[in-house]
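Reader: I should like to go through the terms used for this structure and hear the grounds for each of them. Please set each value against its criterion.

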Amino acid sequence: MTAHRFALSPLLALTVVAAAGCGGGGGDDELILGATTSVQDSGLLDEIVRAFEDISDYDVKPIVGGSGQTLETARRGEFDVVLTHSPFDEDKFLADGEGIDKRVVMRNFFLIAGPAGDPAGVKGAVTLSEAFRRITSGEYRFISRGDNSGTHRRELSVWEEIGIQPEGESWYEESSTGQGQNLLVASDKGAYTLVDSSTFTVFGQRVDLQPLVTDTDKPNIYSVIRISQDRHPNVNSAGAIAWVEFLTSVAGQCLIADFGVEEYGESLFEPVLGCSLSARLP
């Protein structure tokens, strides 16, 4: 993986150290993070956790799942902070008072991957909706994650948009797996599937699928949300603040911007707050 080199600003360093000194809701230095599978499957999660632990006294314990599952677990107070990519579920989570301080961190794009022969002619489609219609018209096999993840939510929104309910159809299957594993299942079955661009780049050499249509109109947005201490008193609020400040700092944004460049020739995620040259070490 890429070796990331960035300078930690004095203000950020002070914030992280002060938060660590305050301890969490439980009085320890363990930070429980709920994260979506695509961040793990791309390899970015390990990089972010390692960098954060290097500049703080926190020991991060990531627990990975689909965004819907992660937010449901957070409702039970089992996380201190979450990193997800399901805007509808996130907004409801905030409206219900379960989360606070939502901040957009980064983005990539959803794409339809399918067999090289592309029997449905998806590659000629301009939008996801058109591509889904072509898959449906010929009843070509489609593998859905089927797990209420951010990717599944995006898929369901497209089916709704074109007025089709695929559940129960012979050509439609649910894998109930994470992002990377779902891609492998689709490859094994020679099927189409919806996947984020970062995961596809990482798994591209392991699957017999091609990227056919990329949805550039509606980027796949990843956000970080702190769990409400008012709702869940044992939450490590100080640690969550430190984590959020790191991800949204110039240093954290530069780490995201650099991730994947050395190995794949391009950044796998786009930091939404940007990365200035002054933040990098000479």
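Reader: What makes strand 3 and strand 8 a pair?
Author: In this predicted model, strand 3 is joined to strand 8 (residues 210-227) by four bridges, and the two run antiparallel. Pairing requires at least two bridges, so the criterion is met. Within this pair, leucine 83 stands opposite valine 224 of strand 8.

Reader: How do you know that strand 1 and strand 3 pair, and in which sense?
Author: Three bridges connect strand 1 (residues 30-36) with strand 3, in the parallel sense. Again at least two are needed, and therefore the strands count as paired. Here alanine 35 is the residue opposite leucine 83.

Reader: Which way do the side chains of strand 3 point, and are they buried or exposed?
Author: Val81 and Leu83 point one way from strand 3 (residues 81-84), Val82 and Thr84 point the other way, and all are buried. In a regular strand, side chains alternate between the two faces of the sheet.

Reader: Why are helix 10 and helix 11 called oblique to each other?
Author: Helix 10 (residues 237-248) and helix 11 (residues 250-258) pack at about 60°, with axes 4 Å apart. Roughly parallel would require an angle under 35 degrees, and roughly perpendicular one of 65 to 115; the helices are therefore oblique. Phe246, Leu247 and Thr248 of helix 10 make the contact with Val250, Gly252, Gln253 and Leu255 of helix 11. These residues comprise four nonpolar, three polar and no charged.

Reader: What makes the pair of phenylalanine 52 and tryptophan 243 edge-to-face?
Author: A search of the whole structure finds eleven aromatic pairs. In the pair of phenylalanine 52 and tryptophan 243, the centres are 5.2 Å apart and the planes stand at 85°. Centres must lie within 6.5 Å and planes over 60 degrees apart count as edge-to-face, so the term applies. Phenylalanine 52 belongs to helix 3 (residues 44-55) and tryptophan 243 to helix 10, so the pair ties together parts 191 residues apart in sequence.

Reader: Why is phenylalanine 52 counted as buried?
Author: Its relative accessibility is 0%, and buried means under 20%, so phenylalanine 52 qualifies. Tryptophan 243, also at 0%, counts as buried too.

Reader: Why is the pair of tryptophan 159 and tryptophan 171 called tilted?
Author: The ring centres are 5.8 Å apart and the planes meet at 55°. Stacked would need under 30 degrees and edge-to-face over 60, so the pair is tilted. Both residues belong to one aromatic cluster, together with Phe132, Phe142 and Tyr172.

Note on methods. Residues numbered from 1 in each chain as written. Predicted model: local features only at pLDDT ≥ 70, side-chain atom pairs only at ≥ 80, totals over all residues. Heavy atoms only, no water. Axes fitted to C-alpha atoms, helices over the stretch in contact; angles between N-to-C directions. Contact = heavy atoms within 4.5 Å. Nonpolar A, V, L, I, M, F, W, Y, C, P; charged D, E, K, R; others polar. Buried < 20%, exposed > 50% of the residue type's maximum accessible area, 1.4 Å probe, protein only. Phe/Tyr/Trp six-rings, centres within 6.5 Å; stacked < 30°, edge-to-face > 60°.
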